[in-house]
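Trainee: Got a minute to go through this chain with me?
Mentor: Sure, put it up and fire away.

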Amino acid sequence: MEILNEKVFLIFDLDGTLINTDEANFLAYKEAIQQVRNLNLMSLYQITERFTREKLELIIPDLKIQEYEEIIDIKNNVYNKYLQKTNLITSTLEIINKYSKTHQIILATNSHKQKANLLLKYHNLSTIFKHKFYKEDYNNQEISKFKYVMDYLKISPNLAVIFEN
């Protein structure tokens, strides 16, 4: 028995939902921090927790704004070196494959457009989404990315299934 009818929209997050990017993300941060501050972060890597900008500020409390921006810039520039450390989350991909012919599949990610498209291209997923929304699309909005997407596309909450880690 089919649970979803064709009017239902499937909205997917990227990082941690469709693609596991935590290790690549950490390695890019590690390289950037090594270049800017000459610190080795290997002891901080935790497979169960994503390394974030907030965590960066916690582990280096005396980080200057210029250093912070330089680390983020380097991290973004070296990220492509670690794409092989990313992997598809097969259970999510199975859902997409099952419903992609009959439903609109939408991407709503907090990733920047450049990084998200790099990941999608690397994993041959560039064409599976009817619509793609990136951090730049709703960065200044006071609502969640999913609410933004549903409002923008005029999707009733009753007709949306959201996949988020």
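**Walking through the chain**

Mentor: Let me start with a spot that caught my eye: just after H7, Lys154 has a positive phi of about 55 degrees. Keep in mind that this is a predicted model.

Trainee: Where does Lys154 lie, and is Lys154 buried or exposed?
Mentor: Lys154 sits in the loop between H7 and E6. With 72% relative accessibility, against a cut-off of over 50%, Lys154 counts as exposed.

Trainee: Which phi does Asn38 have?
Mentor: Asn38 belongs to the loop between H1 and helix H2 (53–59), and at 59% relative accessibility Asn38 counts as exposed. Most residues other than glycine have a negative phi. Asn38 is a residue other than glycine with a positive value, near 55 degrees.

Trainee: Let's zoom out. In what order do the elements of the chain run from the N terminus?
Mentor: The secondary structure comes to seven helices and six strands. From the N terminus on, the order is β-β-α-α-α-β-α-β-α-β-α-α-β.

Trainee: What percentage of contacts between residues at least 6 apart in sequence join residues at least 24 apart?
Mentor: For scale, the C-alpha trace spans about 55 × 30 × 25 Å along its principal axes, and 42% of the 165 residues count as buried. Among the contacts you ask about, the share joining residues at least 24 apart is 72%.

Trainee: How far apart are the centres of the positive and negative side chains?
Mentor: On the surface side, the chain exposes about 10,000 Å², with carbon and sulfur atoms supplying 48% of it. As for charges, there are 21 positive and 21 negative side chains, and the centres of the two sets lie apart by 5 Å.

Trainee: Now the inside. Which element supplies the largest share of the largest nonpolar core?
Mentor: That core has 39 residues, and Leu14, Leu18, Leu56 and Ile71 touch the most other members. Strand E1 (9–12), H1, helix H3 (65–78), helix H4 (90–99), strand E4 (104–108) and helix H5 (113–122) each put in at least two residues. The largest share, eight residues, comes from H1.

Trainee: How many residues does the other core have?
Mentor: This second core lies apart from the largest one, and its members include Phe9, Ile106, Met150 and Ala160. Its residue count is 12.

Trainee: Which residues of H4 does Leu18 touch, if H4 covers 90–99?
Mentor: Leave aside the neighbours within four places in sequence, and Leu18 is in contact with a list that includes Asn87, Leu88, Leu120, Leu125 and Phe129. With H4 running over 90–99, the contacts of Leu18 to pick out are Thr92, Leu93 and Ile96.

Trainee: Why do the buried residues of H4 line one face of the helix?
Mentor: Those buried residues are Thr92, Leu93, Ile96 and Tyr99, and they pack against E1, strand E3 (87–88) and E4. The face turned away from the buried side carries the exposed residues Thr90, Glu94 and Lys98. Seen down the axis of H4, the buried residues line one face because they fall within an arc of 145 degrees.

Trainee: What covers the buried residues of H7?
Mentor: In helix H7 (residues 145–153), the buried ones are Lys145, Phe146, Tyr148, Val149 and Met150. Their cover includes E1, E4, strand E5 (131–133), helix H6 (135–138) and strand E6 (160–163).

Trainee: How far is Leu107 from Asp13, C-alpha to C-alpha?
Mentor: Leu107 is in strand E4 and is buried, with a relative accessible area of 0%. Beyond its sequence neighbours within four places, Leu107 has contacts including Phe12, Asp13, Leu14 and His131. Leu107 and Asp13 are 94 residues apart along the chain, yet their C-alpha atoms are separated by 6.0 Å.

Trainee: And what is the C-alpha separation of Glu164 and Phe146?
Mentor: Glu164 comes in the segment after E6 and is partly exposed, at 40% relative accessible area. Outside its neighbours within four places in sequence, Glu164 is in contact with Asp13, Thr17, Lys145 and Phe146. Glu164 and Phe146 are 18 residues apart in sequence, and their C-alpha separation in space is 9.7 Å.

Trainee: Last one: does Glu31 count as buried or exposed?
Mentor: Glu31 lies in helix H1 (residues 22–37), and its contacts, sequence neighbours within four places aside, are Val78, Lys81 and Tyr82. Its relative accessibility is 16%, and the cut-off is under 20%, so Glu31 counts as buried.

Conventions. Residues numbered from 1 in each chain as written. Predicted model: local features only at pLDDT ≥ 70, side-chain atom pairs only at ≥ 80, totals over all residues. Heavy atoms only, no water. Helix = DSSP H or I, 4+ residues; strand = E, 2+ residues; numbered from the N terminus. Buried < 20%, exposed > 50% of the residue type's maximum accessible area, 1.4 Å probe, protein only. Contact = heavy atoms within 4.5 Å. Core = buried A, V, L, I, M, F, W, Y, C linked by side-chain atoms within 4.5 Å. Arc of directions from axis to C-beta. Areas by Shrake-Rupley, 256 points an atom, 1.4 Å probe, with all protein chains shown as cover. Lys, Arg positive; Asp, Glu negative; His and termini not counted. Charge placed at Lys NZ, Arg CZ, Asp CG, Glu CD.
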